[in-house]
Amino acid sequence: MRFRHRAAAGFATLLLPLAGLVGLASPAQAAPSATATYSKPQDWGTGFEGKWTVKNTGTTTLTSWTVEWDFPSGTSVTSAWDADVTSSGTHWTAKNKSWNGTLAPGASVSFGFNGSGSGSPSNCKLNGGGCDGTSVPGDAAPSAPGTPTTSAVTDHSVKLTWSAATDDKSVKNYDVLRDGARVATVTTTSYTDTGLTAGTDYSYTVQARDTADQTGPVSGSVAVRTTGGTTEPPPTGKKIKLGYFTEWGVYGRNYHVKNLVTSGSAAKITHINYAFGNVKNGQCVVDDTYAAYDKAYTADQSVSGVADTWDQPLRGNFNQLRQLKAKYPHIKVLYSFGGWTYSGGFAQAAANPAAFAASCKAVVEDPRWADVFDGIDIDWEYPNACGLTCDTSGPAAFRNLMQGLRSAFGPNYLVTAAITADGSSGGKIDAADYGGASAYADWYNVMTYDYFGAWANTGPTAPHSPLTSYAGIPTAGFNSADAIAKLKAKGVPSAKLLLGIGFYGRGWTGVTQSAPGGTATGAAPGTYEAGIEDYKVLKNSCPATGTVAGTAYAHCGGNWWSYDTPSTITGKMTWARNQGLGGAFFWEFSGDTANGELVSAINSGLS
């Protein structure tokens, strides 16, 4: 997982301020003392400008605000700014934006609107209490309703029933969410959803609202399939077929969860690793919150075909993955933390594995997306060795970390790790206790790629993902077969090892020799980074001219590339089956063609 996150890290960092600006507004919380006052700066007869000012008159910080009022019939808001304004009949509600909800003691904020009619507001409420600062009560958000149950399932409808939520005052209504998007708001504890597609998988959750319009956590999810129709079967065979989906791919690469559907890949894989969460101060954290759970998708971009709304509790990649799992129930999703860029935080994590594991479990089980993830993947590059930085935690650190994760997550979650494939004597596999740690892992993603590349800018040219050794290989032990053999010798069961495939090539320029071992002058040009290019580009721009050690290479002009093709992947999958490996994984989806030909080769080769 090395090169992709290193290349994209700067871009993801540049986007973080945007994520802060457009993040989800937090639920309303009442302050001990606050006021909301109304004024009318302009009135032009047929309409007017209205303005509300919220001021924190208490001694503690106000973290969010909601102003409600009634207009007489004939008076309404036509547009608004600096707040999200909605209505139900003559009752109007304004909620803070994500960037203006926090008010320190003594601070104030205003929002405005244009209106029609001539009436004045009445029955003002601020966070469910009075607007005069004397009667703003503490008000807790409602609890999660019970997980819905389904009945009366037909080709085009399903009835949902759930147990009521509780609240310190009163539950007003419930939002019904289909595949993460709100489809109805009801006052009872049942709802019949209609207009569905026959033979289609859906996922439902429910969320309660109280009289202050605060939303509580979503319920557990229930999956249901409408009757009739046809379904595409899950991938055949029992081998694991796992792909990494990159969080930052939704930007420059314009690659989204729906591409897994349109390419046909979703029907041919078993697992997805969502990459990457960050490791900061010894804890797991979400990295790009905008891409993860706030980016809004239009109907044509969405897996479900339903557009995101501004007020739904979950958007972004997480919601799209939820919709994907509803459509393809066989797919399991793991949250992967670390990678080349974020592995520096693992040393502190290893100093207190229990605290680290608890933080990771809190992220994975966040009630907004707890139904999305089936486990956790750790990509530590590299324990007690050097990657982007050097780690000196000791040979037991990785085993202790994996033991802590298994203890926290228990037997019902998947716990996996992406690990080095350095099979050289005294290399990275020898630096940590991968054998002992395997007792706590469901499997290892062995990164059998990136052995050679243009960081050695004068060469010699060599395939970055050799399956076996070959005459003239620049470094002994830098190949898949030696790495797998060494891990087996250390006690890792074959079934817990997945062979890694790169959906990209590595290349040099200034090369005159077609066969491996030639000299070069530097890295070949790449779309996103010199020396790297996606398979979907290379198959046309520099078609393979030969094979070596079970992988392909290409010499075109002065450029020399190595990469896997459907044919070499088929050979590698045969080798993996003969070795008794648990399956294969790949980095990463967006490097494949639009019709997913590399995923198809993995699926066919392991079936």
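Select D311 and R182 to begin: their side chains meet in a salt bridge, with 2.6 Å from N to O. D311 sits in the loop between α3 (289-294) and α4 (316-327), and R182 belongs to strand β12 (residues 181-186), so this salt bridge ties together parts that are 129 residues apart in sequence. The model on the screen is predicted. D311 counts as partly exposed because its relative accessibility is 22%, and buried would require under 20%. R182 is also partly exposed, at 31%.

Keep D311 and R182 selected and add D175 and R209. These four residues are linked in a network of salt bridges. Across the whole structure, a search finds 21 salt bridges.

Next, select D193 and R178. The side chains of D193 and R178 form a salt bridge, at 2.9 Å from N to O. D193 is in strand β13 (residues 190-193) and R178 is in strand β11 (residues 171-178), 15 residues apart, and the pair links distant parts of the chain. Are D193 and R178 buried or exposed? D193 is buried, because its relative accessibility is 2%. R178 is buried as well, at 16%.

Move on to R225 and D201. Here too the side chains meet in a salt bridge, with an N to O distance of 2.8 Å. R225 lies in strand β15 (residues 222-225) and D201 in strand β14 (residues 201-210), and 24 residues separate the two along the chain. R225 is partly exposed, with a relative accessible area of 30%, whereas D201 is buried at 12%.

Now colour strand β17 (residues 271-280). How many of the 10 residues in β17 are buried? The count is 9, which leaves the strand mostly covered. Show the strands that pair with β17, one at a time:

- β16 pairs with β17 in the parallel sense, over 5 bridges. To find this pairing, look for L242, which stands opposite H271 in β17.
- Strand β19 (residues 332-338) runs parallel to β17 and is joined to β17 by 6 bridges. Select Y274 and Y335, since Y335 in β19 is the bridge partner of Y274.
- Strand β18 (residues 283-285) pairs with β17 in the antiparallel sense over 3 bridges. In this pairing V279 stands opposite C284.

Stay with β17 and β18, which form a hairpin with 2 residues between the strands. Select N281 in this hairpin, where phi is positive, near 50°.

Two other asparagines can be selected for their phi values. N123 is not a glycine, yet its phi is positive, about 55°. N123 is part of strand β8 (residues 122-126) and is exposed, because its relative accessible area is 53% and the cut-off for exposed is over 50%. N254 also has a positive phi, near 55°. N254 is found in the loop between β16 (240-246) and α2 (258-262).

Turn next to the nonpolar interior. The largest nonpolar core has 99 residues, and I272, F356, F398, L405 and Y444 are the members that touch the most others. Which helix gives this core its largest share? Helix α8 (residues 397-409) does, with 6 residues. Select L405 and show what surrounds it. Beyond its neighbours within four places in sequence, L405 is in contact with F356, A357, C360, I376, I378, G410 and V415. Another core, of 27 residues, lies apart from the largest one, and Y244, W248, Y297 and L414 are among its members.

Two peptide bonds are worth selecting for their geometry. The bond that joins G459 and P460 is cis, with omega about 5°. P460 is placed in the loop between β22 (443-446) and α11 (480-489). The bond from W587 to E588 is also cis, and its omega is near -15°. E588 is in the loop between β30 (583-587) and α14 (597-606).

End the tour at D82, in the loop between β4 (76-81) and β5 (83-88). D82 is partly exposed, because its relative accessibility is 29%. Outside its neighbours within four places in sequence, D82 is in contact with W65, K97, W99, N100, S110 and F111. Finally, show the C-alpha atoms of D82 and G112: the two residues are 30 apart along the chain, and the separation between these atoms is 6.9 Å.

Key. Residues numbered from 1 in each chain as written. Predicted model: local features only at pLDDT ≥ 70, side-chain atom pairs only at ≥ 80, totals over all residues. Heavy atoms only, no water. Helix = DSSP H or I, 4+ residues; strand = E, 2+ residues; numbered from the N terminus. Buried < 20%, exposed > 50% of the residue type's maximum accessible area, 1.4 Å probe, protein only. Contact = heavy atoms within 4.5 Å. Core = buried A, V, L, I, M, F, W, Y, C linked by side-chain atoms within 4.5 Å. Pairing = 2+ DSSP bridges.
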